[in-house]
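Colleague: I am new to this model and would like to look closely at one part of it. Could you take me through the stretch around the histidine that caught my eye, and then set it beside a few other places?

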Amino acid sequence: MKQVLRCVVTIMLITSLCMMSFCDKVIKLDVLRIAIDEDSVMESYAYGTFDISTVKLDVTYRDGSTTSLHINCSMVADTDIANLKSQGTHIVTVTYEGRVVTFTVVIDPPLSETLSLIHQLGVEAGVIDLTYEEWLESIRGEDGREIVLQVSSGFIQWRHVGDQNWNNLIEMSSLVGPKGSDGQTPSIGDHGTWVIGGTDTGIQVQGPKGEDGSGVLIKGIVMTYDDLPDASVQGELYLVREDGSGHMSNGDGTWEDIGTILVPFDQDIRDHVDQVLPFIHRSKNLFDKTLELTDGFVISPGTVSTDGAYAAYKTSDFILLPEEGTYVISAESQSTRIGLALFGMDNLYLEGSAQNVSPTGTGVTVTVEQACYVRISFRSSDLDTLQIEKGTERTDYEPFGAFILQEFILDFDPALLTEDHIKTIVLEDMYDVRLDLDDGNITLTSAFDENRMIRIRATLNSKNGIFNYLNTSIASKGQDNYTSIHNNSDDIAPIRTYTTVGANHGYALPAITTQGSHGKTILDVGSIWTDGTTTFTLLKIESDNILVFGRDYSLDSRGIVNGYLGGVPDGSTMIHVSNAVNQDDIAVTEVSWAQLYPSVNNVTTEIYVDGLRVSEDETSHGDVIKVMETYDVMDYKDLLDTVRAEPGLDHARNQIDGIVRITITYEFRKGLNQTVTSTFRALKDVNIGNCGFVQAVIPQLTGHSPFRYLPHVKENEGYDFSYLTDISTYDISLSFRRSADLLEEGRLPDRIVSWLIDDATSKKNIGFVMGYLPDKSDTRDDVRTHNVNDMLWDLRSTRKMYPVALGGGGMALDQGDYFSVIAYRNYLSSDNQSETLTDAYTVRSGNDLYVFIDTHENNNFESWKVPDFVGFNVSVVDMSDNFMLYSDEIIGEEGILFSSSVSPCEPYAYVILKLN
């Protein structure tokens, strides 16, 4: 029998969850609500002048941000567009991102028709004795300017377009004919326009909207009309529950009944909850103990007695019994009377009763013929166990509110079950990824498999001020004790010129440790010093006794920096040459190497959740989280030249030239699978070493051994990575080159797969895969072959992995050279893998979904399901000869159906598919 985790929450919370669910769970939109900007809609439009694009739509997004859009024809039905070409009052329905709103447009009749009607009525009333043409000419004026009409102060008035003053055209009363059957007293039509003689003139009765009109503020719900507050502000609105009508304040103590308002308070919330939030169960108990209680006992005719005999009793507020039928009232500890009084929806007393009951009894039953209210009296000691439920028999007690079903939350700690936590659970069930942003610190959380969550911590506060991974960890669902599986704090990829720089790296320079305090300040940055042989430039004051110096640069024949001149300071003293304010000698006690930070400038970073920018610290939920950044790697030559020319200023300034510009988009989806899209643009002529756009250390977990698989490469130094190979004792650095290490010329190793295998069970547990898309951007096999000098993979003795996509051997790039790369980083759970497969995973890039399958076993009609992509078209990107694909056109219900045949000569089989 399934266990149920019980929790009390307020109806308000559940209502908000339901409303949120209708908007977001079912439709899964970014837009929270839309509304028409009333100021963009005129009271009426001259015939033929209305333009739908002049109407504005106010859009509010889930994260609270807003925008204003001009409505276009794609948002409006063709029938509405057609209607707007004719006179009359039209209701226009606007649909945007699943949200719907309506507004009214009044199209005046053609001016000629209105004027003709007025002339006819004027002639019939004897107030116009001109022909229509003569009369029209008399009001047109010499300039022939367009006129507009209105009714005001008993007159039909006109003015030229652009003028401010109105002119009386004809008095309304003069258009009234003789009393009798021919009378033509003006009246107000259904569309709010004047009707004369049964003909709609198209002229609005109400004038233009005033500037000082007060808005309406919904304040809340009261039980009866008498409960409306004595003092209120004009425009305040209350719902009166007894009749469901709205009452709006006139500001003088009186209230205007504005009729029925549809509100969700009397809807059966459970119906909604069960439909869209299956893990939320609304309690059967209708009694909310948090509502106001009254001392005493309810007696006929519905009043509460405070007689001393009832000192131990409480009486509830009005409780809605939402439909006809029988209800049971009970309490676990009751040993005396339960009282009740029934009230109609008009709040009038119907009947009441009191019964003696016992803790083991059936409780008090009451049968009602229609929805009504009930007030319950009970002993104060029964407050925590009182229950009102629909049915004929008493059942086990449940608190009022909602329950989260246990099967949806494994190993859940009830102590964590706060309202905020419930909201978090709801959102995390609705969306794939949670983002917590706090002062530049990023936490991303997602479901890893059926039983575990995965979390990546990252920061924007790195040494270079750009996005940087920190750590990846996992935990059982419902728990917060995450275990680290990947220390990825150096996994963002730098560039390599004559040195490694950018990402987590700075220019490698000598750092001087001094005897005591050196006494230098920012005013001395840019000063030049010598050790007696070589000059050095002070670039950074690291601390009171550490200084970082820049070395002079050397240039090649093209004027490109290709290294440093000289070595490190040699000797015990550095002597001032120029530019310093404090020119005292520097006593050197130690020389070491340091990295100069920041080494990048012009940094911009933006974070988006499902396309909506996150502009401040908050918690957000979505299906796609994007971190988008751009930065320039500083040109060392310009950095050194600028600091020398402008001493006394920090080197960290945007005015220093860049040598290359990097743009990166980190895209996180369910399971924190990542697509990393990068571009590289040479801002100056530059020489490039081996550059990759992703890199990674191997994951680690206590009690597990790391294994590695790299397709398409030969055995290298005794390691054959065509098999999933144990690298627990791996301690050498290997280079895999296209000139010597490929099994097949032109077929490049685009991915590397790592698994942590449980030492006790020899079973795969957690995997990590990293690679480039082999058919898109500049990592296509043919392009990558051209762009990479020789080395394709650099596998260090530290077990760090570097896939090379560009450069090598000091490749010369010209200013403006541009490259783009699409890479990915996925974490794999063995729970989501077939036992016969080495790995199976997907990568999302734009509208394309890539499927990667590797196997080292024979498979006979094996399938790997991708349920969200049934019906998608299939194209083969790459496939080994020993892999047989049956799902070669579209994805069916069985998923990707295949067979494979491996042997010592062909130890693995694989396929890479693209679905779209």
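Modeller: Happy to; we begin with the whole, move to the histidine and its strands, and end with some rings and backbone details.

Please keep in mind that this is a predicted model. The protein has eight helices and 67 strands. Of its 916 residues, 50% are buried. Among contacts with a separation of 6 or more, 62% are between residues 24 or more positions apart. The accessible surface is about 42200 Å², and carbon and sulfur atoms hold 47% of that.

Now to your histidine. H518 sits in the loop between β37 (507-514) and β38. Is H518 buried or exposed? Its relative accessibility is 10%, so H518 counts as buried, the cut-off being under 20%. The side chain of H518 has a polar atom 2.9 Å from the backbone nitrogen of K520. That side chain also reaches the backbone oxygen of S543, at 2.6 Å. Once neighbours within four places in sequence are set aside, the contacts of H518 are I541, S543, D544, N545, I546, L547 and N582.

Several of these names lead us to the strands that come next. Strand β38 covers residues 528-530 and pairs with strand β39, residues 535-543, in the antiparallel sense, over three bridges. Within this pairing, W529 is opposite F536 of β39. The two strands make a hairpin with four residues between them, and in the turn G532 has a positive phi of about 105°. On we go to β39 and strand β40 (residues 546-551), which run antiparallel and are joined by six bridges. Here T537 faces G550 of β40. The hairpin from β39 to β40 passes through two residues. As background for looking at such strands, side chains in a regular strand alternate between the two faces of the sheet.

Before β37 there is a backbone detail worth a look. A503 lies in the loop between β36 (500-501) and β37. The phi of A503 is near 55°, which is a positive value in a residue other than glycine. Most residues other than glycine have a negative phi, and most peptide bonds are trans. A503 is also buried, because its relative accessibility is 1%. R799 likewise has a positive phi, near 70°, without being a glycine. You can find R799 in the loop between β57 (791-795) and β58 (801-803), and its relative accessibility of 17% makes it buried.

Two peptide bonds deserve a visit as well. The one from S300 to P301 is cis, with omega near 5°, and P301 belongs to the loop between β19 (297-299) and β20 (303-305). Y597 and P598 are likewise joined by a cis peptide bond, whose omega is about -10°. P598 is in the loop between β44 (586-596) and β45 (600-609).

Next come the aromatic rings. A pair of them is described by the distance of the centres and the angle of the planes. The structure holds 30 such aromatic pairs. Why is the pair of F287 and F378 edge-to-face? The planes of the two rings stand at 75°, and over 60 counts as edge-to-face; the centres are 5.6 Å apart. F287 is in the loop between β17 (280-282) and β18 (294-295), while F378 is in strand β27 (residues 372-379), so this pair links parts of the chain 91 residues apart. Both partners are buried: F287 has a relative accessible area of 4%, and F378 has a relative accessibility of 0%.

Another pair is that of F467 and Y666, with centres 4.4 Å apart and planes at 40°, so it is tilted. F467 is in the loop between β32 (452-459) and β33 (468-476), and Y666 is in strand β49 (residues 658-668), so the pair ties together parts that are 199 residues apart in sequence. F467, at 0% relative accessibility, is buried, and so is Y666, at 4%. Elsewhere, F318, F343, Y349 and Y373 form one aromatic cluster.

Charged side chains meet rings too. R751 lies over the face of Y910, 5.2 Å from the ring centre. K764 does so over the face of W755, at 4.8 Å from the ring centre.

Last, find Y397 in the loop between β28 (387-390) and β29 (402-405). With 21% relative accessibility, Y397 is partly exposed. Its side chain reaches the backbone oxygen of D384 at 3.0 Å.

Technical notes:
Residues are numbered from 1 along each chain as its sequence is written. This is a predicted model: local features need pLDDT of at least 70, side-chain atom pairs count only at pLDDT 80 or more; totals for chains, interfaces and linings use all residues. Side-chain values use heavy atoms; hydrogens and water are left out. Rings of Phe, Tyr and Trp (its six-membered ring) pair if their centres lie within 6.5 Å; planes under 30 degrees apart count as stacked, over 60 as edge-to-face and the rest as tilted. Buried means under 20% relative accessible area, exposed over 50%, partly exposed in between (1.4 Å probe, protein chains only). A charge sits over a ring if NZ of Lys or CZ of Arg is within 6 Å of the ring centre and within 35 degrees of the ring normal. Two strands pair if DSSP finds at least two bridges between them. Contact means heavy atoms within 4.5 Å. Accessible areas come from the Shrake-Rupley method with a 1.4 Å probe; for residues, only the protein chains shown count as cover. A polar contact is a pair of N or O atoms within 3.5 Å; within protein, one must be able to donate a hydrogen and the other to accept it, and residues adjacent in sequence count only if both atoms are side-chain atoms.
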